[in-house]
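Have the structure open as you read, and turn it along with the text. We will take one stop at a time.

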Amino acid sequence: MKFPEADIVWPSVEPVAAPFYEGMAQHKVMIQQCVSCSTYLPPAQVVCDDCGSNTLNWVNVSGHGKIYSYVVYHRSFHPAFNQQVPYTVALIELNEGPRLQAQFIGDKESCYVGMPVEPTYKIINDKHTLLCYMRSED
Amino acid sequence: MALSAITGLGMTEFTRDYQLPAWQLAVNAIGMAISDAGLEHADIDGLLLNKSPLAELKDFPMELQDYSGLSNLSLLNVVEAEGSSMVQTIQQATMAIQTGMATKVVCVFADTPLQENTSAGDAFAVAMPMMGHLGIEVANGFYTPIAAYAMAAQRYLAVHDRTTDDLGAVAISNRRWAELNELAKLRKPLTMEQYRDAPFLIEPLRMLDCAYPVNGAIAVVVTGVEDAKKSPQPPAYIYGMGQGHAGNINRRGHQPEIETGAKQAGDTAYKMAGITANDIDACQFYDAFSISTLINLELYGLCEKGQAGKFVLSGETSPGGCLPVNTGGGHLSGYYLQGATPVSEAIMQLRKQAGTRQVDKLDHMLVTGYGGRMQFHAALIMGQKEVVQ
């Protein structure tokens, strides 16, 4: 398998995920909330995994949370990331409960499970802004 | 009391270079398994195909029936449950035999991750779904299944306050078994010092924590208990079966990375077999990555939570230990043919054809498969006698 030459890779955004990406472009963290039982859910759901309701709202949250787990790439598996190695990808558990996957920006040696983090935004080009995370002073 | 038995085993050569397409490897393994069971092609009335998640359906199609010369089938299906598929094919075969839908069922897996100009690393370097329809993984650079298992490993080690030595212990235990297995691909002794000195690939995992892919095919023949008595080979009996699919709930209160469906699969299989985890004499786990052996030892009830590393470090899963695990070297040091690897080693052990790595007491062996990011689990309880006293 040969990867296409590319400076960036970006998903083809599905309609169920569009509000998250629109929020990200405006430096906002958008997640979902069940209208029926109020459970906060990660973005791009269509059914509440707690009560089964299919009536969900989008909500803007602070995006603050803690590192639930993380990995450090010491090798690139895609040409678009060759210059970024070593880079860290984490699962962030938001204060509201849902978890988001994002790159962690900062010294990988400082990263630990349970570390408080907050959003930061990587401007990739005119069209694309990526939600990332950095250490929070909280 | 046995539900069914595996009476035929067919294995092609396992290679690190591309020789034949997957469908042709499958045809060869199917023929070998039928001969091994002492049967003719006309005797086979069921065919269940375990397609690799890497392969296109056209590379492993329903027409394998025709390519294999099977024209008398009352059961035919492609079972798609990722790495749990091979165990699931054997479960479906057993259910079909129990209900009378079929009597002699071939289950087959084949894969060719190693192609000309493509390394195994490239073959598996797909973006790893973790966030469902959000699709953000490609932009985050979250590529290869290694990353998903590294995420699980980091969480496991942090929650239980353990170090990567626990992972190294699994790699070393597998390697010690592989040293005794002529089919295994990585047989040079491995020490903890060598493990610690190896660079991280996706931290906290090293290359030594990852499966060793090969091209090849494995097929088995599943029959009823009465038919198995006519088999030229010692039957490998099946007493219990279970599945567990715990879902992927990404929010507080749930830890799908380390609290998987393995527990449900094990509990169901133990209950069906009329045993508990204490009765298990040996395990053949699907172990695409070292971390999964630690988690499986705990969720299948064989170690307390967080204690699997100590258990493996003490040598209990290695040759001479109290609970032999992955006695052919597993996926890490043996050969990675997904769910077919643990099944093949189970059959060789239960037939007492495992040479210097043969385990003495095998009243109950746990044989498992899992797929995806450890989301999909299937388990068998197997043994050497029709009825275990």
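What follows is a walk from the contact between two chains to some helices, a loop and several charged pairs. Please keep in mind that this is a predicted model.

Let us begin where chain B meets chain A. Here 38 residues of chain B are in contact with 49 residues of chain A. Together the two chains bury about 3,800 Å² between them, and 56% of that lies on carbon and sulfur atoms. On the chain B side, B:L134, B:N140 and B:R251 lose the most area to chain A, together making up 18% of what that side buries.

There is polar chemistry to look at here too. The rule finds 25 residue pairs in polar contact across the interface of chain B and chain A. Which parts of chain B each supply at least two residues of the side that touches chain A? They are helix 4 (120–123), helix 5 (137–140), helix 6 (145–159) and strand 5 (200–203). Of these, helix 6 of chain B gives the most, with seven residues.

The interface of chain B and chain A also holds four salt bridges. For an example, find B:R252, whose side chain meets that of A:E93 in a salt bridge, with N to O at 3.1 Å. A:E93 also has a salt bridge to the side chain of A:R99, at 2.8 Å from N to O. Both A:R99 and A:E93 are buried.

One more residue is worth a stop before we leave chain A. B:H133 sits in the loop between helix 4 and helix 5 of chain B. Is B:H133 buried or partly exposed? Its relative accessibility is 46%, so B:H133 counts as partly exposed. Apart from neighbours within four places in sequence, B:H133 is in contact with A:E14, A:V16, A:A17 and A:A44. With A:E14 there is a polar contact between the two side chains, at 2.8 Å.

Now move to helix 3 of chain B, residues 85–99. Its 15 residues should span 21 Å at 1.5 Å a residue, and the end C-alpha atoms are indeed 21 Å apart, which agrees. Eleven of the 15 residues are buried, so helix 3 of chain B is largely enclosed by the rest of the structure. Among the buried ones are B:M86, B:V87, B:I90 and B:I97, and also the polar B:Q88 and B:Q91. Helix 3 of chain B is followed by B:G100, which has a positive phi near 90°.

Helix 10 of chain B (residues 262–273) makes a good next stop. Its twelve residues reach 16 Å from first C-alpha to last, close to the 16 Å expected at 1.5 Å a residue. In this helix, B:A262, B:A265, B:G266, B:A269, B:Y270 and B:A273 are buried. Look down the axis of helix 10 of chain B and its buried residues fall within an arc of 120°, so they line one face of the helix. What do those buried residues pack against? Their partners in chain B are strand 8 (236–245), helix 11 (290–299), strand 10 (365–371) and strand 11 (376–383). Just after helix 10 of chain B comes B:G274, with a positive phi of about 70°.

From there, look for B:N326, in the loop between helix 12 (308–313) and helix 13 (330–334) of chain B. B:N326 counts as buried because its relative accessibility is 2%. A polar atom of the B:N326 side chain lies 2.6 Å from the backbone nitrogen of B:F285. Not counting residues up to four places away in sequence, B:N326 touches several others, including B:N174, B:W177, B:C283 and B:D287.

We finish with charged pairs. Over all chains, the whole structure has 21 salt bridges. One of the pairs joins the side chains of B:R357 and B:E345, at 2.8 Å from N to O. B:R357 lies in the loop between helix 14 (340–350) and strand 10 of chain B while B:E345 is in helix 14, so the pair ties together parts that are twelve residues apart in sequence. Both B:R357 and B:E345 are buried.

Another pair is B:K229 with B:E226, whose closest N and O atoms are 3.0 Å apart. B:K229, at 45% relative accessibility, counts as partly exposed, and B:E226, at 53%, counts as exposed. Last of all, B:D281, B:K361, B:D363 and B:K385 are linked in a network of salt bridges.

Definitions and conventions. Residues are numbered from 1 along each chain as its sequence is written. Chains are lettered from A and ligands numbered from 1 in the order in which they are written. This is a predicted model: local features need pLDDT of at least 70, side-chain atom pairs count only at pLDDT 80 or more; totals for chains, interfaces and linings use all residues. Side-chain values use heavy atoms; hydrogens and water are left out. Helices (H or I, at least four residues) and strands (E, at least two) are DSSP runs, numbered from the N terminus. The expected span of a helix is 1.5 Å times one less than its number of residues. Buried means under 20% relative accessible area, exposed over 50%, partly exposed in between (1.4 Å probe, protein chains only). The arc is that of the directions from the helix axis to the C-beta atoms. Contact means heavy atoms within 4.5 Å. Buried area is the accessible area (1.4 Å probe) that two parts lose on being put together, summed over both. A polar contact is a pair of N or O atoms within 3.5 Å; within protein, one must be able to donate a hydrogen and the other to accept it, and residues adjacent in sequence count only if both atoms are side-chain atoms.
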